[in-house]
Amino acid sequence: MKLVLRKSVVLFTLLGCAFLGNKVSAQKLAFKTNALTWATLSPNLGFEVVLNAHLSLDCHATYRPFNFQDKPFRVLVLQPELRYWPGRPSSRHFFGVTAFYLDNNIEWKNTRYKGDGVAGGISYGYSWVLSNHWNIEASIGAGMLYTRQFKSKSDEEQPRSINYHKWLPVPMKCAVSFVYLLK
């Protein structure tokens, strides 16, 4: 895997999320963070841009740079999601089409996985309005992940080429987020 490809995917995702909402006003922008992800010691931040009366674009990034019990457990996730709101955006029910890009270096049960993956799926959520500026949002989703990894035993050297690639069903989203709406 080439570092250039990873950087290109990251840059493309961030720029795409930033520029899809080209007429962003304060009433159409929200910042958020997922409390469940923070519970796993994974800093995360997202924003949501309202595109029209029923659609919004949510973009979220999570980065876990820390090791776990002196073993690598580093993960980067970039997750854009197009949301349909039956009512008005940022209030009550929504349905989403979501994707994510994953870059990881993990050691689990004496096996090291170093690689990346892409996934797509669907989600459902609900947003509770607390005040003019604050919401709490819960969402859940499922989909399929295609992953390609350098897989090896912990005490072995990393293989020269990718030796593990697989399609896997995955939870796409499990979030309880604090949302700050700019107004």
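Start with the largest pocket: select Val75, Val77, Phe100, Leu102 and Pro171, the lining residues that lie nearest its centre. You're looking at a predicted model, so keep that in mind as you click around. The full lining runs to 35 residues, and the pocket's volume comes to about 1,000 Å³.

**Colour the pocket wall**

Now bring up the strands that give two or more residues to this lining: S1 (29–34), S3 (55–64), S4 (73–84), S5 (92–108), S7 (134–153) and S8 (164–181). Which of them supplies the largest share of the lining? That's S8, with nine residues. Next, colour the lining by residue type: you should get 17 nonpolar, twelve polar and six charged residues.

**Zoom out to the whole fold**

Switch to cartoon view for the big picture. The protein has two helices and eight strands, and from the N terminus on they run α-β-α-β-β-β-β-β-β-β. The eight strands make a closed barrel in the order S1-S2-S3-S4-S5-S6-S7-S8, and the pairing is antiparallel. Look along neighbouring strands of this sheet and you'll find them turned by 25 degrees against each other on average, ignoring direction. If you colour by burial, 39% of the 183 residues count as buried.

**Walk around the barrel**

Begin with S1 and S2 (residues 44–50), which are antiparallel partners joined over four bridges. To see one of the pairings up close, select alanine 30 and its bridge partner in S2, glutamate 48.

Then jump to S6 (residues 111–129) and S7. How many bridges join these two strands? There are 19, again in the antiparallel sense. S6 and S7 form a hairpin, with four residues between them. Select glycine 120 and you can step across to its bridge partner in S7, methionine 144.

Keep methionine 144 selected, since it gives you a route onward: its bridge partner in S8 is proline 169. S7 and S8 pair over 16 bridges, in the antiparallel sense as well.

**Select the nonpolar core**

Hide the cartoon and show side chains for Val75, Val77, Phe100, Leu102, Ile106, Ala119, Leu145, Val170 and Met172. Together these nine residues make up the largest nonpolar core. S4, S5 and S8 each supply at least two residues of this core, and the largest share, three residues, comes from S5. In soluble globular proteins, nonpolar side chains tend to be buried together.

You've met some of these names already: Val75, Val77, Phe100 and Leu102 belong to this core and are also among the residues nearest the centre of the largest pocket.

**On to the second pocket**

Now select Arg88, Pro89, Ser90, Leu181 and Lys183. These lie nearest the centre of the second largest pocket, which is lined by 14 residues. About 230 Å³ of space lies in it. Colour this lining by type too, and it splits into six nonpolar, five polar and three charged residues.

**Stay in the loop between S4 and S5**

One of those pocket residues deserves a second click. Serine 90 sits in the loop between S4 and S5, and its phi is positive, about 70 degrees, although it is not a glycine. Most residues other than glycine have a negative phi, and most peptide bonds are trans. Is serine 90 buried or exposed? It counts as buried, because its relative accessibility is 14% and the cut-off is under 20%.

Glycine 87 is in the loop between S4 and S5 too. At 39% relative accessibility, glycine 87 counts as partly exposed. Draw a distance from its C-alpha to that of histidine 54: the two atoms are separated by 6.8 Å, with the residues 33 apart along the chain.

**Last stop: leucine 41**

Finish in the loop between helix H2 (35–38) and S2, where you'll find leucine 41. Leucine 41 has a positive phi as well, about 60 degrees, although it is not a glycine. Turn on the surface and check how much of leucine 41 shows: at 54% relative accessibility, this residue counts as exposed. Put it next to serine 90 for contrast: leucine 41 is exposed, whereas serine 90 is buried.

How values were computed. Residues are numbered from 1 along each chain as its sequence is written. This is a predicted model: local features need pLDDT of at least 70, side-chain atom pairs count only at pLDDT 80 or more; totals for chains, interfaces and linings use all residues. Side-chain values use heavy atoms; hydrogens and water are left out. On a 1 Å grid over the protein atoms alone, a cavity is a set of points where a 1.4 Å probe fits but cannot get out, and a pocket is an open set with protein on both sides within 12 Å along at least five of seven lines; lining residues have an atom within 4 Å of a point. Grid points are joined across faces, edges and corners, and a volume is the space filled by probe spheres set on the points. Ala, Val, Leu, Ile, Met, Phe, Trp, Tyr, Cys and Pro count as nonpolar, Asp, Glu, Lys and Arg as charged, and the others, Gly among them, as polar. Two strands pair if DSSP finds at least two bridges between them. Axes are lines fitted to C-alpha atoms, for helices over the stretch in contact, and angles run from 0 to 180 degrees between N-to-C directions. A nonpolar core is a set of buried Ala, Val, Leu, Ile, Met, Phe, Trp, Tyr and Cys residues joined through side-chain atoms within 4.5 Å. Buried means under 20% relative accessible area, exposed over 50%, partly exposed in between (1.4 Å probe, protein chains only).
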